[in-house]
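Open the model in a viewer with a cartoon representation and a side-chain display ready to toggle. The stops below follow the sheets, the helices packed on them, and then the charged pairs.

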Amino acid sequence: TGIHNTIGNLIESESLYKLAIETSLGAASNFLVVDNEAITKECINYLKTNRIGRATFFPINIIKEKNINPEDLLKIKNSNGFIDIASNLVKYDDLYEKIIKNQLGNVVVVKDIDSLNEIGKILNYRYKIVSLEGEILYSGGSVQGGSAKANNGLNDKAKLNEMTLKTEVLKIELDSLNKDYKEFNENY
């Protein structure tokens, strides 16, 4: 009770933006969204007592959203390669708005690495900028890129639905085979 889901499972995005969103979230995709500090404390105590690891919790009642300064947004809005702010490229329940904006509200999504560098200069390297190809320009100026791993966690919900459907189909097939087997044994 009081545990909602991981951040990555609370959002959906168009396939065009998935890599940028997954890259931007990184490990935060697996952070747990909970109701409040009391639930957080309860969960942490459970993890400690059972010695089953660590987790990061985002209590809905205290997390503050982050955003891009409107003046900075005006500077880049018409820049070549600018797409949008990451939080605008995902769908989520309104209950999680502060959580999503905390993680994606100050992240700029751009077309490619050239746009990444150009917009980074315009913004004086004050924000995280992510390209559709998965490169990241961190605030301060460091850049990360290369070959990205597919399916960082954002697709977990889709994978779960697909696996559930496959499981149901297999159950039906198994029931049918068991019925055939039973009839075969009864007849021979």
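**Stop 1: the sheet of 3 strands**

Begin with the open sheet whose 3 strands come in the order E1-E3-E4, with mixed pairing. Strands and helices here are DSSP runs numbered from the N terminus, strands (E) of at least two residues and helices (H or I) of at least four; two strands pair if DSSP finds at least two bridges between them. At the edges are strand E1 (3–6) and strand E4 (57–59), each of which pairs on one side only. On average, neighbouring strands of this sheet are turned by 25 degrees against each other, direction ignored. Axes are lines fitted to C-alpha atoms, for helices over the stretch in contact, and angles run from 0 to 180 degrees between N-to-C directions.

This is a predicted model, in which local features need pLDDT of at least 70 and side-chain atom pairs count only at pLDDT 80 or more, while totals for chains, interfaces and linings use all residues. Residues are numbered from 1 along each chain as its sequence is written, and side-chain values use heavy atoms, with hydrogens and water left out.

Next, select strand E3 (residues 32–34) together with E4: the two run parallel and are joined by 3 bridges. Which residue of E4 is the bridge partner of Val33? The partner is Phe58.

**Stop 2: helix H2 and Thr40**

Add helix H2 (residues 37–50), which packs on the sheet and touches E1, E3 and E4. The direction of H2 makes about 160 degrees with that of E4. Contact means heavy atoms within 4.5 Å.

Within H2, select Thr40. Is Thr40 buried or exposed? Thr40 has a relative accessible area of 13%, so it is buried. The classes are buried under 20% relative accessible area, exposed over 50%, and partly exposed in between, with a 1.4 Å probe and protein chains only. Apart from neighbours within four places in sequence, Thr40 is in contact with Val34, Phe57 and Pro59.

**Stop 3: the sheet of 5 strands**

Move to the second open sheet, of 5 strands in the order E5-E7-E8-E9-E10, again with mixed pairing. E5 and E10 stand at the edges with a single partner strand each, so one side of each has no neighbour in the sheet. Select E9 and E10: 2 bridges join them, and they run antiparallel. Ile136 stands opposite Gln144 in E10. H5 packs on this sheet, touching E5, E7, E8, E9 and E10, and its direction makes about 160 degrees with that of E8.

**Stop 4: helix H5**

Show the side chains of helix H5 (residues 113–122), where Ser115, Leu116, Ile119 and Gly120 are buried. Why do these residues lie on the same side of H5? They cover an arc of only 130 degrees around the axis, the arc being that of the directions from the helix axis to the C-beta atoms. Exposed residues Asp114 and Lys121 are on the face of H5 turned away from its buried side.

To see what covers the buried residues, add helix H3 (70–76), strand E5 (82–85), strand E7 (107–110), strand E8 (128–131), strand E9 (136–137) and strand E10 (143–144), which are among the covering elements.

Now look at the two ends. At the start of H5, a side-chain oxygen of Asp112 comes within 3.3 Å of the backbone nitrogen of Asp114. Just after H5, Asn124 has a positive phi of about 55 degrees.

**Stop 5: the salt bridges**

A salt bridge is a side-chain nitrogen of Lys or Arg within 4 Å of a carboxyl oxygen of Asp or Glu, and by this rule the count is 3 salt bridges.

- Select Asp72 and Lys75: their closest N and O atoms are 3.6 Å apart. The two are 3 residues apart in helix H3, about one helical turn. Asp72 is buried at 5% relative accessibility, whereas Lys75 is partly exposed at 47%.
- Select Asp72 and Arg126: here the closest N and O atoms are 2.7 Å apart. The pair links distant parts of the chain, with Asp72 in helix H3 and Arg126 in the loop between H5 and E8, 54 residues apart. Arg126 is partly exposed at 40% relative accessibility.
- Select Glu97 and Lys101: their side chains form a salt bridge at 2.9 Å, N to O. Both lie in helix H4 (residues 97–104), 4 residues apart, about one turn of the helix. Glu97 is partly exposed, at 30% relative accessible area.

To finish, display Asp72, Lys75 and Arg126 together: salt bridges that share partners join them into one network.

How values were computed. A polar contact is a pair of N or O atoms within 3.5 Å; within protein, one must be able to donate a hydrogen and the other to accept it, and residues adjacent in sequence count only if both atoms are side-chain atoms.
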